[in-house]
Amino acid sequence: MIKLQNAMAIFKLLDKSNCRQCGEKTCMAFAGAVFTGRRPLSECPSLDRHIIDAYSDDPQNRHDLERNRDDFLEGLKNQINSVDLKAATGRTGGRYENDRLTIKVMGKDFSVTTAGVLSTDIHVNPWVAVPFLNYVLYGKGLDPTGDWRSFRELKGGREQYPLFQKRCEEQMKQVADSYTELFDDIVHIFSGKQVDSQFQSDISVVLYPLPKLPIMVCYWLPEEGMESSLNVFFDQTADRNLDIGSIFSLGAGLAQMFTRLALRHGYAMTL
Ligand code: SF4
């Protein structure tokens with residue numbers, strides 16, 4: 001959980017519309033109520049669940065979130081029978097066989113049947129399953145153009161960028177700083193590719209969490225008097241091929257996966 005230091009830090013997370021749906025007169029009043037423990041953050045209906053998840057320490061709320069997430073996942077699975085999976089192959093970049101649409105997720109097969117049954121070579125967890133299903137259900141299937149954008153430039157990304165930076169870019173940077181073979185290993189393990197240096201970075205690697213949703217990770221090594229830095233970029237079509245919440249999940253999920261990989265290789269992480 002990320003600790004919020006004062007009511008202003010909470011206020012910055014809110015959409016500042018003063019819509020009163022939480023029962024408070026203003027967003028500032030709600031922020032004050034959260035800071036003093038009178039209201040849980042989850043009672044602002046405008047807040048994205050990723051933000052609530054990251055900032056909430058209420059065990060009941062966590063339990064509710066997990067239950068909501070499972071319900072949400074089940075809801076998406078139930079909608080799959082409304083999609084013609086065979087016709088979806090072109091749009092999703094997948095293949096179809098025996099009532100099963102199979103798509104490469106980070107180079108590994110991930111499948112769904114008309115009944116919404118998921119199967120995969122890798123562990124099914126919500127950070128992959130929800131984006132995968134949203135991509136199949138709602139993705140526009142636009143081909144990537146090679147025009148890279150930051151998360152905050154995508155539709156709906158600006159408000160969530162501070163949290164994305166913390167949960168994805170900063171976490172990946174800390175891993176890359178100590179685990180020097182990180183980029184070689186992720187290219188090898190997850191069928192990524194090292195590409196010509198972009199934005200004058202020292203290393204640029206493209207990964208495919210979904211066939212039409214490439215993610216480019218750029219890393220700048222430390223230089224005299226300057227820290228290293230890391231940024232994650234998406235194709236300019238990303239926000240039409242997948243909703244912003246799912247794009248967030250993929251970025252944060254990748255950062256977690258890199259951390260686990262580093263720990264497995266014996267690197268101590270201070271995250
Ligand atoms: S519901 Fe959320 S956005 Fe609306 S007033 Fe309350 S805190 Fe602000």
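Okay, charges to start with: this is a predicted model, and its protein chain carries 31 positive and 35 negative charges, whose mean positions sit 5 Å apart. While we're on the outside, the accessible surface is about 13,800 Å², and carbon and sulfur atoms hold 49% of that.

Now the overall fold. We've got ten helices and nine strands in the protein chain. Put a box around the C-alpha atoms along the principal axes and you get roughly 55 × 55 × 35 Å. So is that what a globule should give? For 271 residues, a compact globule would have a radius of gyration near 18 Å, and this chain comes in at 20 Å, so the two agree. On contacts, take the ones with a separation of 6 or more: 56% of them join residues 24 or more positions apart.

Right, the inside. Of the 271 residues, 48% are buried. In soluble globular proteins, nonpolar side chains tend to be buried together. Here, the largest nonpolar core has 76 residues, and the ones touching the most other members are Phe132, Met172, Phe183, Ile186, Leu210 and Phe234. Helix α10, residues 244–264, is the top contributor to this core, with eleven residues.

Let's zoom in on one of those. What does Phe183 contact, once you leave aside its neighbours within four places in sequence? You find Ala176, Ile203, Val205, Val217, Tyr219 and Leu230.

And one last thing to look for on screen: there's a second, separate core of six residues, with Trp148, Val206, Met216 and Phe233 among them.

Technical notes
Residues numbered from 1 in each chain as written. Predicted model: local features only at pLDDT ≥ 70, side-chain atom pairs only at ≥ 80, totals over all residues. Heavy atoms only, no water. Helix = DSSP H or I, 4+ residues; strand = E, 2+ residues; numbered from the N terminus. Rg over C-alpha atoms; globule rule 2.2 N^0.38 Å. Buried < 20%, exposed > 50% of the residue type's maximum accessible area, 1.4 Å probe, protein only. Contact = heavy atoms within 4.5 Å. Areas by Shrake-Rupley, 256 points an atom, 1.4 Å probe, with all protein chains shown as cover. Lys, Arg positive; Asp, Glu negative; His and termini not counted. Charge placed at Lys NZ, Arg CZ, Asp CG, Glu CD. Core = buried A, V, L, I, M, F, W, Y, C linked by side-chain atoms within 4.5 Å.
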